[in-house]
Amino acid sequence: MISVKNLTKIYQVHIRQANLLKDIFFRTYKDKAALQNASFSIGENELVGFIGPNGAGKTTTLKILAGILYPTSGTVSVLGTVPFEKNHAFLQQIAFIMGQRNQLIWDLPASDTFALQKEIYSIKDHMYKKQVEMLGGLLKCDHLFDKPVKTLSMGERMKMELISGLLHKPRLIFFDEPTIGLDIFSQEIIRNFIKSYQSESRATIILTSHYLEDVKQLAKRLIIIDKGSIVYDGSMNNIIEQYSKIKLLTVVLDKTVNQMEIRAVAPPFKYKYPKVVYKVKKEELPEKMKLVVKYLPFSDLTVEDASIEEIIKQFFKEKTWE
Ligand SMILES: Nc1ncnc2c1ncn2[C@@H]1O[C@H](COP(=O)(O)OP(=O)(O)OP(=O)(O)O)[C@@H](O)[C@H]1O
Ligand SMILES: [Mg+2]
């Protein structure tokens, strides 16, 4: 469905000069490599999480795959065509949905944008009705269709954005930070929506998000990009297992103890009476638990996995030592 080989994208960045006239008439540029020899392929019905630090090249990659940008070099094939040729059949089958950019008509109700999409994509009446009902039902937001977009909350607007972008039943969807700026409840609604939409539609999805929980819950496969190069391409479980060597051991004390006793287990990661949290290596867990029992009077004891954020941090830390 998607095949990318040695993809490179160099942007020409304008260098500002102190002399304004010189800056206008003799503009100078330097090359900025946003992508360097990136290669990967994605099969039908996959949902791939695409992550990396700010400026790593995620949006640039998605834009190239969607035909919005030309690559500098390398080959790209998406749905059997070259995306930037923008042939009609290709555009009919894809959707590019960005969290931070609004495609809805601001002063009008979302239903007007939907009607416009219907015309643009020549969606048949019955198909259109079915899709609006299905998407509105999944997102529980039919009652908002006729309110001016500018009066909607960010989360509500994102729901409209999703409906508008998916009316034409795209086979391939690029989600670029669909949950950015939303509160945790709205993030969860959008996340659950993507999950059920994908299992119903069997669309192929590439999803970028800075909220790693989105990617963890939705994607089985993860591609990590850093400074324009792919640094990991594999299963989500693999990376979690390989890099989650740290467990968080939380002890709830039932009476005050002195620092010596707390430190007898290990230096605490966090301590605020009655809670002590230790960061413990997986293999040291049994021994540390024995020490807790020996030195600390406690009413509760829990062991948690490190968060996905910690795991990715660990991945980057170890990568720099390779
Ligand atoms: N139009 C442009 N002109 C010049 N440089 C650009 C342009 N667009 C992006 N860049 C640069 O290319 C690099 C990759 O940008 P890109 O937007 O693809 O990153 P990203 O991974 O999506 O980051 P973020 O997580 O912040 O969205 C960055 O260094 C960025 O500054
Ligand atoms: Mg981006």
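## Exercises on a predicted model

UniProt, in an unreviewed entry, places the feature "domain: ABC transporter" at residues 15-252. The model you are looking at is predicted. Here are three exercises to work through with it.

**Exercise 1.** Describe the secondary structure over residues 15-252, then find how the chain is divided into domains.

*Solution.* Start with the annotated stretch: over residues 15-252 the chain is 39% helix and 26% strand. The C-alpha atoms at the two ends of this stretch are 57 Å apart. Next, take the division of the chain: domain 1 covers 2-8 + 38-241, and domain 2 covers 246-305. Finally, compare centres: the C-alpha centres of domain 1 and domain 2 lie 43 Å apart.

**Exercise 2.** Work out which elements supply the shell around ligand 1, and its make-up.

*Solution.* First list the surrounding residues, which include Tyr11, Lys32, Asn54, Lys58, Thr59 and Thr60. Then assign elements: strand E1 (2-15), strand E2 (28-42) and helix H2 (58-65) each supply at least two residues of the shell. H2 gives the largest share, 3 residues. Last, sort by type: the shell around ligand 1 has 4 nonpolar, 6 polar and 2 charged residues.

**Exercise 3.** Classify the crossing of helix H9 and helix H12, and name the residues that meet there.

*Solution.* Begin with the geometry: the axes of H9 (residues 236-243) and H12 (residues 308-319) come within 9 Å and cross at roughly 75 degrees. Angles of 65 to 115 degrees count as roughly perpendicular, so H9 and H12 are roughly perpendicular to each other. Now look at the contact: Ile239, Ile240 and Tyr243 in H9 meet Ile311, Gln314 and Phe315 in H12. These residues divide into 5 nonpolar, 1 polar and no charged.

Key. Residues are numbered from 1 along each chain as its sequence is written. Chains are lettered from A and ligands numbered from 1 in the order in which they are written. This is a predicted model: local features need pLDDT of at least 70, side-chain atom pairs count only at pLDDT 80 or more; totals for chains, interfaces and linings use all residues. Axes are lines fitted to C-alpha atoms, for helices over the stretch in contact, and angles run from 0 to 180 degrees between N-to-C directions. Helices (H or I, at least four residues) and strands (E, at least two) are DSSP runs, numbered from the N terminus. Angles under 35 degrees count as roughly parallel, over 145 as roughly antiparallel, 65 to 115 as roughly perpendicular and the rest as oblique. Two residues are in contact if their C-beta atoms, placed from the backbone, lie within 7 Å. Ala, Val, Leu, Ile, Met, Phe, Trp, Tyr, Cys and Pro count as nonpolar, Asp, Glu, Lys and Arg as charged, and the others, Gly among them, as polar. UniProt positions are given in the numbering used here, feature names are shortened, and annotations may be inferred rather than shown by experiment. Domain bounds come from an automatic or database domain assignment. A residue is near a molecule or strand if its C-beta atom, placed from the backbone, lies within 6 Å of it.
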